[in-house]
Amino acid sequence: MPTLDDTLLIFSDVDGTLMDSHTSDWQPAAQWLAHLREHQVPVILCSSKTAAEMDAIQRILGLQGLPFIAENGAVIQLDKRWQADVHYPRIRQGTSHSEIALLLVQLRQQHGFKFTTFSELDDRILAEVTGLPLAQASLARMQEASETLIWRDSDEQMSAFTALLADRDLRFVQGARFWHVLDARGGKDSAVNWLTRQYHHYAGKFFTTLGLGDGPNDAPLLDAVDFAVVVKGLNRHGIRLRNDSPERVFHTTLEGSAGWREGLDHMLGSGCSSSVDRT
């Protein structure tokens with residue numbers, strides 16, 4: 001079990017994990033975020049959201065300057081201290097958003113798939129679909145290396161669609177509420193592993209990694225870390241992990257940021273129970 005005395009990195013999903021999917025409430029996690037900041041433990045956001053959205057969320061949560069993983073791993077923002085890195089400030093993995101969006105339109109025309117992409121919705125409609133405020137909905141459309149879509153077809157058609165994407169070196173990823181298409185070379189797992197190596201390179205020491213997530217697209221993240229918290233989510237399929245042993249993985253009974261807090265209470269609470277409010 002990790003402790004705050006370890007050299008620790010925390011990778012966290014956002015929607016449904018650190019924030020409520022519908023209200024964006026994160027207050028149950030606030031004291032843990034402050035405590036981790038005091039202990040200089042990086043909290044690295046890892047989400048399907050765009051880099052523009054992640055920038056805004058980092059400012060809200062007080063995580064400015066830290067790396068983040070956007071668009072399910074297709075985009076990686078580097079730590080502000082790594083400005084000498086050849087990749088600074090941001091890595092975009094593989095196929096661009098514009099290329100993916102064009103291909104999706106072509107596949108729909110050729111095979112009759114039923115879906116709508118975020119690119120095809122104006123800000124007002126997207127705000128209604130996602131429940132986001134209008135200003136945030138505009139940020140959600142600023143995708144750089146993936147496309148998000150609303151699937152409205154059968155499971156059989158989905159299998160055919162997934163196979164066609166795989167033939168073009170693209171992956172189809174299920175999020176908590178929507179589906180995402182990105183380059184097969186991307187992914188939350190590869191992004192987590194890359195950032196962990198970068199921290200080792202710049203700090204000259206090894207890090208223990210802890211991940212938190214609630215949706216199927218978080219499985220690669222949770223498989224890539226040393227310890228994992230599966231936050232209770234809304235998806236009916238849940239999360240299937242390669243190694244779901246209780247020594248490594250904790251499943252919360254609470255949802256959203258309350259579950260996030262519950263997970264850290266379980267994983268790290270023995271070392272800081274006196275300073276974290278458990279109400």
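Me: Which residues lie nearest the centre of the largest pocket?
Reply: This is a predicted model: local features need pLDDT of at least 70, side-chain atom pairs count only at pLDDT 80 or more, and totals for chains, interfaces and linings use all residues. Residues are numbered from 1 along each chain as its sequence is written, and side-chain values use heavy atoms, with hydrogens and water left out. A pocket is an open set of points on a 1 Å grid over the protein atoms alone, with protein on both sides within 12 Å along at least five of seven lines, and its lining residues have an atom within 4 Å of a point. The largest one has 23 lining residues, and those nearest its centre are Gln40, Val41, Pro42, Leu66 and Arg81.

Me: Which elements give two or more residues to the lining of the largest pocket?
Reply: Look for helices (DSSP runs of H or I, at least four residues) and strands (E, at least two), numbered from the N terminus. The elements that supply two or more lining residues here are helix 1 (30–38) and helix 7 (188–203).

Me: How many residues in the lining of the largest pocket are nonpolar?
Reply: Ala, Val, Leu, Ile, Met, Phe, Trp, Tyr, Cys and Pro count as nonpolar, Asp, Glu, Lys and Arg as charged, and the others, Gly among them, as polar. Take out the five polar and five charged residues of this lining, and the nonpolar count is 13.

Me: How many polar residues does the lining of the second largest pocket have?
Reply: Its 29 lining residues include Asp15, Ser48, Lys49, Arg177 and Phe178, which lie nearest its centre. Six of the lining residues are nonpolar and eight are charged, and the polar count is 15.

Me: Which residue just after helix 1 takes a positive phi?
Reply: Start in the helix itself, where Ala30, Trp32, Leu33, His35 and Leu36 are buried (under 20% relative accessible area, with a 1.4 Å probe and protein chains only). Their cover includes strand 1 (8–12), strand 2 (43–46), helix 2 (51–61) and helix 9 (256–268). Step just past the end of helix 1 and you meet a phi of about 55°, at Gln40.

Me: What is the order of the strands in the open sheet of eight?
Reply: Two strands pair if DSSP finds at least two bridges between them. The pairing in this sheet is mixed. Its edges are strand 5 (90–92) and strand 12 (249–255), each of which pairs on one side only. Read across, the order is 5-4-3-2-1-10-11-12.

Me: Which residue in strand 5 stands opposite Ile76?
Reply: Ile76 sits in strand 4 (residues 75–77). Strand 4 pairs with strand 5 over three bridges, in the antiparallel sense. The residue across from Ile76 is Ile91.

Me: Is Ile76 buried or exposed?
Reply: Contact here means heavy atoms within 4.5 Å. Leaving out residues up to four places away in sequence, Ile76 touches Phe68, Pro89, Arg90, Ile91, Gln93, Ala191, Trp194 and Leu195. With a relative accessible area of 1%, Ile76 is buried.

Me: How many residues of strand 10 are buried?
Reply: Strand 10 (208–213) points Thr208, Leu210 and Leu212 one way. Thr209, Gly211 and Gly213 point the other way, and all of these residues are buried. The strand is mostly covered, and its buried count is six of six.

Me: Which residue in strand 11 is the bridge partner of Leu210?
Reply: On one side, strand 10 runs parallel to strand 1, joined by five bridges, and Leu212 is the partner of Ser12. Strand 10 also runs parallel to strand 11 (residues 227–232), with four bridges between them. There, Leu210 has as its partner Phe227.

Me: Why is one side of strand 6 and of strand 8 left without a neighbour in the sheet?
Reply: These strands belong to an open sheet of four, in the order 6-7-9-8, with antiparallel pairing. Strand 6 (115–117) and strand 8 (170–174) stand at its edges, so one side of each has no neighbour there, because each has a single partner strand.

Me: Which residue in strand 9 stands opposite Phe172?
Reply: Strand 8 and strand 9 (residues 179–183) are antiparallel partners over five bridges. Helix 6 (residues 155–167) lies across both, and across strand 6 and strand 7 (146–151) too. Facing Phe172 from strand 9 is Val181.

Terms used:
Buried means under 20% relative accessible area, exposed over 50%, partly exposed in between (1.4 Å probe, protein chains only). On a 1 Å grid over the protein atoms alone, a cavity is a set of points where a 1.4 Å probe fits but cannot get out, and a pocket is an open set with protein on both sides within 12 Å along at least five of seven lines; lining residues have an atom within 4 Å of a point. Axes are lines fitted to C-alpha atoms, for helices over the stretch in contact, and angles run from 0 to 180 degrees between N-to-C directions.
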